[in-house]
Number of protein chains: 2
Amino acid sequence: MSDARPVYFVSDGTGITAETIGHALLTQFNGIDFRTDRLPFVDGPERAREVAGVIRAGGEAAGMKPVVINTCMDPELSSIIAESGALVLDVFEPFIAPLEQELGIARQPRVGRAHGIADFDSYHKRINAMNFALNHDDGISLDYDDADVILVAVSRAGKTPTCVYLALHHGVRAANYPLTDDDLDSQRLPPKLRAHRHKLFGLTIDPVRLAQIREERRPGSRYAKLETCRREVADAETMLRMEGIPTLSTTNASIEEIASRLLETLGINREMF
Amino acid sequence: MSDARPVYFVSDGTGITAETIGHALLTQFNGIDFRTDRLPFVDGPERAREVAGVIRAGGEAAGMKPVVINTCMDPELSSIIAESGALVLDVFEPFIAPLEQELGIARQPRVGRAHGIADFDSYHKRINAMNFALNHDDGISLDYDDADVILVAVSRAGKTPTCVYLALHHGVRAANYPLTDDDLDSQRLPPKLRAHRHKLFGLTIDPVRLAQIREERRPGSRYAKLETCRREVADAETMLRMEGIPTLSTTNASIEEIASRLLETLGINREMF
């Protein structure tokens, strides 16, 4: 017997929707220990019975009723899963009837479409945006005409993960420019960036955190010294403020939050993948 | 007046949960034209009133009742949003009561936590995994001891986006190895990979699609020729099959689907970020 409540994210597709809403629900019950598992690609009765068996066994091993967050669209599969004896929460079920009524048509169940390759063009766009991010990482290429966004910050402030996230999930072509000592000394925007002022977004970070991150990368270096980090961050913040570039601290922000605030600030409305 | 039904993803955090479930719901109503908008960071009554105004105006402009997918946890904010006159679907509401009953405790509303930086360690892990993916991209570094997964495929079959996705969303350290002409000629796994057989996952792709992708990258090259692609893909598939490496076609799979199937196949159970 274990003390952790078994939770299963069950889906006819990747399970990402089930897991996303499941995590959000579980964070509402702080203090309870959950053990979560993904059971994706439930695409027929046979797989549904297999999955129901896994869930039932998990409940017996834990001595507790499992919780299932279910996004299977086919009611037949959902009812097989319900035979597991778990508390089954059907994510879409409560919303279908009000939507059908408001939209005036019946839904057409489409299995596993949420994170499939529904649209080749948008898929292609994500991949191209990702290639763009990698080719324009750390100032490798300074051709910014095709960029939707240019992130400006000192080294290791969080530019690269943000660019890659923006590409993957929004198809946004995000370049990044690492501020050099020369840029910081001059207290001015690098000339290359001035023509793209409306695309610029600054990142900053707590110098103590920055020093930790840099120390992992280059232990004992001048680059990682707290003193260096303090000076660089102070200079960068002054310059970004003077130039009027919208800037966000990454110290307590997740990549998702940085990306979301950036899109909001720059007024970029892109569908999420 | 427009023909598109306005849909708003409203959240006290990034809005990712609202948008994820919202997209899944909308795909059930094929044939209806939706215009979607994200309204994130609704963190107080003032912002809630502002957002309600945006929604009301959107409905008036379209001449249709807007649909709101709402993940705000605070009932006060949700009731302000309801004053917009939209059909408001509260994503968490239907599931809280059954969970409270089963778990035997009341929920503690935690605003905007789903995609915040809840846990610095796991955040750090994502970033480190991302750095790993970029440093081990396209065989740049061949030190695979620290890798959780090594993707094996011909050039442009989808290795890099998959590695980056696995890092960002699962903290999985994914390296990738591009099969060279020498590898393909020898019909054997490259010696460097043999010691890591249990970490290997192959990708394959339809040669016609591969030729399109390569043509964009290097127009008119031998590399992009359909004949070249056909031969490389056939040789790679033969080799992967003979060596018993689990392999997936990326032709009709999204990055999410590839990642999800890979984790399932290799038995890697990681929380999703």
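In strand E6 of chain B, Asn176(B) is the bridge partner of Leu151(B). Helices (H or I, at least four residues) and strands (E, at least two) are DSSP runs, numbered from the N terminus. Strand E5 (residues 149–153) of chain B and E6(B) pair in the parallel sense over 5 bridges, where two strands pair if DSSP finds at least two bridges between them. The model is a predicted one, in which local features need pLDDT of at least 70 and side-chain atom pairs count only at pLDDT 80 or more, while totals for chains, interfaces and linings use all residues. Residues are numbered from 1 along each chain as its sequence is written, chains are lettered from A and ligands numbered from 1 in the order in which they are written, and side-chain values use heavy atoms, with hydrogens and water left out.

The wider picture is an open sheet of 4 strands in chain B, ordered E6-E5-E7-E8 with parallel pairing. Strand E6 (174–178) and strand E8 (247–249) of chain B are its edges, each pairing on one side only. From one strand to the next, the twist averages 25 degrees. Helix H6 (residues 159–170) of chain B packs on this sheet, touching E5, E6 and strand E7 (200–204) of chain B, and its direction makes about 170 degrees with that of E6(B). Helix H11(B) lies across E5, E7 and E8 of chain B and runs at about 145 degrees to E7(B). For these angles, axes are lines fitted to C-alpha atoms, for helices over the stretch in contact (heavy atoms within 4.5 Å), and angles run from 0 to 180 degrees between N-to-C directions.

H11(B) also leads to chain A: together with strands E1 (5–10), E2 (34–39) and E3 (67–70) and helix H3 (75–82) of chain A, helix H11 (255–266) of chain B packs against the buried residues of H2(A). Among those buried residues (under 20% relative accessible area, 1.4 Å probe, protein chains only) are Val51(A), Ile55(A) and Ala62(A). Seen down the helix axis, the buried residues of H2(A) fall within an arc of 140 degrees, so they line one face; the arc is that of the directions from the axis to the C-beta atoms. On the other side, Glu46(A), Arg49(A), Glu60(A) and Ala61(A) are exposed, that is, over 50%.

How do the two chains relate? A rotation of 180 degrees with 0.0 Å of shift along its axis superposes chain A on chain B (RMSD 0.1 Å), by least squares on the C-alpha atoms of residues with pLDDT of at least 70 in both. That is the relation of a two-fold axis.
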